[in-house]
Amino acid sequence: MNQLLPTYRAPPWLAGIWNRRLLGVALAVGIAALAGVLVSVIVPRGPTTQAQALLVLAGGALVGALAGLVMRSRWALLLAPLVHIAALELARPQLLGPTAGAIRLDNTYGILAFVLGRGLYGLVAVIPMILGAYLGTVLARELSGSSPRSGMAVWRWVLPALATLLLAALAIGFALPASTPPILGADGKSLPGSIAELTTVRLGGHDQTIMIRGYSADKPVLLYLNGGPGMSGLPFTRVVLDDLSHDFVIVDWDQRGTGKSYAALDPTATLTLDQAINDTIELTNYLRQRFDEPKIYVVGESWGSILGVLAVQRQPELFYAFIGSGQMVNVRETDRRFYQDVLDLAARNGDTQLAAQMRAYGQPPYADIPYANIFAMEQYESLYQPYTPSQAYMDLGNAAGIGPYGVLASEYNLVEKFNVLRGLIDTFTVLYPQLQEVDFRRDVPRLDTPVYILDGTAELAARRDLTQEWFGALEAPTKRMFTLDNAAHSVAFEQFAQFGTIMRETVLPETYEGR
């Protein structure tokens, strides 16, 4: 039986490498190091798109296989990844954002940033490199005739087959596409005339993704701007605003550096507030042209409310109305009020550790971005007065199955599931400092577009008081504030049914010019 097993012989050049063991080690080190340098130049943040992930995975497996082949030793499984990672980290340029910047393991979010950045790279490149190195050593032993020919001969093929299957499983996992579910009619089939798609648009010289959903493509267009900066909300918009998409074509945009558009983050020097406003206007014009509408509606949530107001201020003729939810007015003043509120909370509870940590971070604007901001935000739940969002909202969330931050939703492929959180951490770090000088009370005394504000009674005073102050002095053709109970910062979602009623029964009749 053993005589039936195939035998191979190595070519002379490879046998020569094996006869000089140090040469094999040097070649393996050189291959792994060169690959690390190339990655640091081509994809310094690691893979940010599906195509990049598949290329890096294949490259990692190839590097490992070559290292295992020339070394003919299972030490290649350890040496190749270690050298590769060291070369990558040493050659990587300085990047803004915790997931690719300096490693911080002194707090939970530093560890999360490490997992999202280096951890993803380990999954995409290092594991395939280890598997490739194993397969390379197996091939080397076959070619050298040192593989067992009896006894353990079965394992001669089983273990390599398992390693190959694992590589294939990783590749398939990263290759699975993203999609948004179709809008269905009563017959369970895709509704004629509806629209449900993920598409890429070129904004400010960068590819960015939008999701478009509507029961009829002939309805007015509503652009939803998510919070953050850096938040992707595609699945939340799909789930929570489904009823409203009977009356509007709803467009949710993964802004540059966010979610499905995370690959557009660099160069961070051009990711500015002014560019974000220009991108919003460029997207607005794209939607106007595509849907043959003279104007569109824009809804801004938190950071999106800043972006929406500034876009409307710059080109009011493009918009039927601006609708603010979780409206922001002055980021620096809000953060300073939050800072004092957290210190007061610590004093009331006798929490000296909390007070010491806040004072260690210092008064806003925080120097330790985003870690100080995240720590402060963790205290917000303790500052909210008790309130209960609508039962329908909670039922939708429980039934949707989209997971925390929507990462389990079909709208994201495997790399993009990481990008949802990478974008939130890294893009926040880039853009948030640029918002410190924004103050609508000073800079936006007038808007030449109708303005509607959703005011949650449970919103924190550090935000709500400034919104009411600005809105009270604001001049606009029409302005209305709707105060909704059992809602805080995410009013449009938490009370989505009332939001839908406001849009259908007030905003549309007062503003839409129709066709």
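Tutor: Two strands pair if DSSP finds at least two bridges between them. Helices (H or I, at least four residues) and strands (E, at least two) are DSSP runs, numbered from the N terminus. This is a predicted model, in which local features need pLDDT of at least 70, side-chain atom pairs count only at pLDDT 80 or more, and totals for chains, interfaces and linings use all residues. Residues are numbered from 1 along each chain as its sequence is written, and side-chain values use heavy atoms, leaving out hydrogens and water.

Student: What makes strand 6 and strand 7 a pair?

Tutor: Four bridges join strand 6 (residues 319-325) to strand 7 (residues 451-456). Pairing asks for at least two, so these strands qualify, and they run parallel. You can find Gly-324 opposite Ile-453 of strand 7.

Student: Which strands stand at the edges of the sheet, and why?

Tutor: The open sheet has eight strands in the order 1-2-4-3-5-6-7-8, with mixed pairing. Strand 1 (195-203) and strand 8 (479-484) each have a single partner strand, so one side of each has no neighbour in the sheet. On average, neighbouring strands here are turned by 20 degrees against each other, direction ignored.

Student: Why is helix 1 called roughly perpendicular to helix 2?

Tutor: The axes of helix 1 (residues 12-19) and helix 2 (residues 21-42) cross at roughly 105 degrees and come within 4 Å. Axes are lines fitted to C-alpha atoms, for helices over the stretch in contact, with angles from 0 to 180 degrees between N-to-C directions. Because 65 to 115 degrees counts as roughly perpendicular, the name fits this pair of helices.

Student: Which residues make the contact of helix 1 with helix 2?

Tutor: Ile-17, Trp-18 and Asn-19 of helix 1 meet Arg-21, Leu-23, Gly-24 and Leu-27 of helix 2, where contact means heavy atoms within 4.5 Å.

Student: How do you know that helix 8 and helix 9 are roughly perpendicular?

Tutor: The axes of helix 8 (residues 273-290) and helix 9 cross at roughly 70 degrees and come within 9 Å. That angle meets the cut-off just given, and the two helices are therefore roughly perpendicular. Their meeting residues include Leu-273, Ile-277 and Ile-281 in helix 8 and Trp-303, Leu-307 and Leu-310 in helix 9.

Student: Where does helix 9 lie against the strands?

Tutor: Helix 9 (residues 303-314) lies across strand 3 (221-225), strand 4 (249-254), strand 5 (296-301) and strand 6, running at about 155 degrees to strand 6.

Note on methods: Angles under 35 degrees count as roughly parallel, over 145 as roughly antiparallel, 65 to 115 as roughly perpendicular and the rest as oblique.
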